[in-house]
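Please open the model in a viewer and keep the sequence panel visible. The tour below proceeds by selection, and each stop states what is to be found there.

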Amino acid sequence: MAISVFDLFSIGIGPSSSHTVGPMRAARTFVDGLAESGQLASATRVKAELFGSLGATGHGHGSDKAVLLGLEGERPESVDTDSVPGRVARIKETRRLTLLGDREIRFDVDGDLVMHRRRSLPAHPNGMTFQAFDAGGTVLRARTYYSVGGGFVRDESYETDSVVVEDSTPVPYPFRTGADLLRQCTESGLPISEVMLRNELAWRTRDEVRSGLLDIWQVMVDCVHAGCEHDGVLPGGLKVPRRARSLHQKLLAEDGQNDPLYAMDWVSLYALAVNEENASGGRVVTAPTNGAAGIIPAVLHYYTRFLGGTDDGVVTFLLTAGALGSVLKQTGSISGAEVGCQGEVGSACAMAAAGLAEVLGGTPEQVENAAEIGVEHHLGLTCDPVGGLVQIPCIERNAVGASKAIHAARMALRGDGSHVVTLDKAIKTMRETGADMKVKYKETARGGLAVNVIEC
């Protein structure tokens with residue numbers, strides 16, 4: 001199995017990779033299958049059912065909207081985010097939906113899109129089923145999908161001990177664990193970023209990898225800019241005020257010369273800007289999830305603004321972060337519905353810490369140490385979004401996670417790379433902790449802050 005850096009960093013829309021991006025991809029996959037089998041023209045009705053965490057927090061995460069758009073043929077990386085509210089309203093009002101933009105059918109959102117708040121499918125908390133019927137009520141096609149985190153989608157063959165999308169492409173430096181990755185570096189004499197790059201060449205040319213990653217970086221930059229421009233309150237009913245714009249104006253008015261932590265306020269700003277855009281359904285980069293999408297852009301902005309980072313450094317950063325994300329995805333989890341927020345913010349923090357450590361000259365051992373610190377100090381972190389929205393505590397949590405990533409990288413670089421707790425042990429602990437965690441603390445909005453903060 002192999003995971004590309006472009007699997008971990010993909011362009012999508014907010015507010016959630018597992019609850020918005022994944023369901024949209026699943027719905028699009030389902031109707032693509034109808035078309036490929038020649039059954040699209042016979043379909044007169046489609047029913048979608050969302051289970052577990054998708055059913056419990058789907059409305060707040062936009063899962064219902066994502067399914068409707070996916071059935072109409074949209075993809076998260078290309079859908080016009082400004083058109084979403086109007087299109088969803090049209091479907092609800094007319095009770096008509098156009099499959100793949102080609103086949104118009106009757107679709108009653110209340111009856112044909114069912115959110116099961118208390119029922120789950122066996123393989124993963126983020127399960128969904130789709131059925132298509134002909135005019136006589138005969139089932140033309142039925143499929144089950146699981147959104148397993150970061151926008152990754154698996155079909156009914158998914159097994160609970162399988163956490164990646166399988167890819168049989170042979171790569172020159174295969175790795176699954178942190179120990180594997182360090183061994184490849186030792187034997188080849190290559191840094192982590194170069195090991196990841198050599199593997200990427202199995203799919204793309206060197207120039208394509210570089211340009212693709214710089215495109216990803218540009219989307220991150222654009223997202224920060226958008227977050228700094230928008231004002232008002234976030235959608236969803238909590239009336240959470242946007243803070244990035246006013247904070248940006250305050251920081252621009254200051255010179256920061258007498259404040260040793262001035263740069264860290266900018267780091268917080270970058271993370272807040274991204275996650276406010278995510279919460280409003282804007283264009284973001286899944287890094288590795290939408291709920292944790294602000295951490296890597298924030299640390300990358302810190303690197304480029306305050307440390308003189310270059311485009312080459314950005315590429316190196318993302319390759320290194322992608323390598324560590326691959327380990328986390330293969331041996332741990334990046335799904336809040338599966339292991340809590342330790343799998344989302346904890347993973348993003350580890351990836352950002354690793355990327356920063358490498359561009360600052362860290363050895364593979366120091367980079368692995370930085371990632372381990374990022375994971376270890378998020379262990380046990382719950383996912384308890386108030387109102388089922390990716391706002392409280394998610395937005396601030398990204399700002400704190402970005403700061404922790406910078407500290408983790410600096411701590412690791414002050415050492416020689418040796419440490420008692422390995423990355424693999426920390427990831428194993430994360431997965432075991434997630435298994436022991438009560439379901440109400442794993443993206444169901446039934447525990448923690450979600451029940452102790454009164455919705456306005």
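Which residue of β8 does G149 stand opposite? Select G149 and then F152: F152 is the residue in β8 that stands opposite G149. Before continuing, note that this is a predicted model, in which local features need pLDDT of at least 70 and side-chain atom pairs count only at pLDDT 80 or more, while totals for chains, interfaces and linings use all residues. Residues are numbered from 1 along each chain as its sequence is written, and side-chain values use heavy atoms, with hydrogens and water left out.

**Stop 1: the strands around β7**

Select β7 (139-149) together with β8 (residues 152-155). Helices (H or I, at least four residues) and strands (E, at least two) are DSSP runs numbered from the N terminus, and two strands pair if DSSP finds at least two bridges between them. β7 and β8 run antiparallel and are joined by four bridges. Their hairpin has two residues between the strands, and G150 there takes a positive phi near 70 degrees.

Now add β6 (residues 127-133), which is antiparallel to β7 and joined to it by seven bridges. Within this pairing, T129 has T144 of β7 as its bridge partner. The hairpin of β6 and β7 has five residues between the strands, and G137 in this hairpin has a positive phi near 90 degrees.

**Stop 2: the two domains**

Colour residues 13-155 as domain 1 and 178-441 as domain 2; these bounds come from an automatic or database domain assignment. The C-alpha centres of the two domains lie 29 Å apart. Contact (heavy atoms within 4.5 Å) involves 22 residues of domain 1 and 21 residues of domain 2.

The area buried between domain 1 and domain 2 is about 1,500 Å², with carbon and sulfur atoms giving 53% of it. Buried area here is the accessible area (1.4 Å probe) that two parts lose on being put together, summed over both. On the domain 1 side, α2 (17-36), α3 (52-61) and β7 each supply at least two residues that touch domain 2. Select α3 next, as this helix gives the most to that side, with four residues.

**Stop 3: salt bridges**

A salt bridge is a side-chain nitrogen of Lys or Arg within 4 Å of a carboxyl oxygen of Asp or Glu. By this rule, zero salt bridges cross the interface of domain 1 and domain 2, whereas a search of the whole structure finds 17. One salt bridge to display is that of D32 with R75, whose closest N and O atoms are 3.8 Å apart. D32 lies in helix α2 and R75 in the loop between α4 (63-71) and α5 (84-94), so the pair ties together parts that are 43 residues apart in sequence.

**Stop 4: backbone exceptions**

Most residues other than glycine have a negative phi, and most peptide bonds are trans. Select R95, which is not a glycine yet has a positive phi of about 55 degrees; R95 is placed in the loop between α5 and β3 (96-99).

Next select G14 and P15, whose peptide bond is cis with omega near 10 degrees. P15 is found in the loop between β1 (10-13) and α2. Finally, move to A287 and P288, which are joined by a cis peptide bond with omega about -5 degrees. P288 has its place in the loop between β9 (283-286) and α12 (295-306).
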